[in-house]
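Ready for a few exercises on how side chains pack together? Grab a pencil, have a look at the picture, and try each task before you read its solution.

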Amino acid sequence: MDATKKFDGIANEYTKSRPSYAKEFIECLFGKYGFSASSVVADIGSGTGKFAKQLLDKCCNVFCVEPNTDMRLVAEKELCEYPNFKSVAGSAENTKLPNSSVDFITTAQAFHWFDTKNFKEECSRIIKPNGKAFLIWNTRDTEALINQKLHSVYSKYCPDFKGFSGGTKPHDDRIKYFFDNNYEYITFDNPLYFDREKFIIRSLSGSYSLKKCDSNFDLYIEEIENIFDEFETDGIVKIENLTVAYLGTVNQKK
């Protein structure tokens, strides 16, 4: 299946249940890595605009490049009041942005879907000299029992499940290739809290998730609900989670 179609029909679930990224991480971008209100950012695979919103709140100029129509339309609805928001119907490998036009490139929860070689070349084309790219994920703490149990359920019922964060491993070879093995890694605690409804919707927002028309859907939901019941306190579960980022300079295309 075309990776750009994997989120067809689940954009609303995605925007309702997916978390923002750690506030400390956003402050770090602005305090240490040169982001400012005058920065021009290409957020690639921007989805429903979860990460872009945090940059727009700090007055960055953000091009949200998203190939999936459902996701892009939700972002346009959610972010239309920001004057510095620009929606682009482009892909990681063909952003449709001008040469040397952006200060920073970000991609949150999306790099694992890209053709790494072509994305690297496209970043090289659109970045300004000495510009930096940030590959960002909210990633589960796999030592936490609740995440282990959810992993087991997804593995049992969802044929497309390859692991959390699309199966991307820490310091994945694709990340090393993208940065020519010269990058910085930063991490911030970002625990997630869900009530029962959002806990279920979060599972349904996964690209791998079963849909109502699939066999075993009811059993799938039942096991997810059982995990909620096991771990809830006063109607809320806590999921151990980190915001992580790999960052480095993108060599400009010559």
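Contact here means heavy atoms within 4.5 Å. This is a predicted model, where local features need pLDDT of at least 70 and side-chain atom pairs count only at pLDDT 80 or more, while totals for chains, interfaces and linings use all residues. Residues are numbered from 1 along each chain as its sequence is written, and side-chain values use heavy atoms, with hydrogens and water left out.

**Exercise 1.** Find the residues that F35 is in contact with, leaving aside its neighbours within four places in sequence.

*Solution.* Start at F35 and skip those neighbours: you should land on L29, F30, V41, L55, C60, F104, T106 and F134. Next, look at the nonpolar core (buried Ala, Val, Leu, Ile, Met, Phe, Trp, Tyr and Cys residues joined through side-chain atoms within 4.5 Å). Buried means under 20% relative accessible area, using a 1.4 Å probe and protein chains only. The largest core has 28 residues, and F35 is among those with the most contacts inside it, along with F25, L29, F51 and L55. Finally, ask who chips in: α2 (23–31) gives the most to this core, with 5 residues. Helices such as this one are DSSP runs of H or I with at least four residues, strands are E runs of at least two, and both are numbered from the N terminus. In soluble globular proteins, nonpolar side chains tend to be buried together.

**Exercise 2.** Work out how the rings of F111 and W137 are arranged.

*Solution.* First, the rule: rings of Phe, Tyr and Trp (its six-membered ring) pair if their centres lie within 6.5 Å, and planes under 30 degrees apart are stacked, over 60 edge-to-face, the rest tilted. The structure holds 28 such aromatic pairs. Here the centres are 6.2 Å apart and the planes sit at 90°, so F111 and W137 are edge-to-face. Now place them: F111 is in the loop between β4 (102–108) and α5 (116–126), and W137 is in strand β5 (residues 127–140), so the pair ties together parts that are 26 residues apart in sequence. F111 counts as buried because its relative accessibility is 2%, and W137 is buried with a relative accessible area of 2%.

**Exercise 3.** Which lysine lies over the face of Y177?

*Solution.* Use the test: NZ of Lys or CZ of Arg must be within 6 Å of the ring centre and within 35 degrees of the ring normal. K120 fits, at 4.3 Å from the ring centre of Y177. Try F30 too: K58 lies over its face, at 5.1 Å from the ring centre.

Definitions and conventions. Buried means under 20% relative accessible area, exposed over 50%, partly exposed in between (1.4 Å probe, protein chains only).
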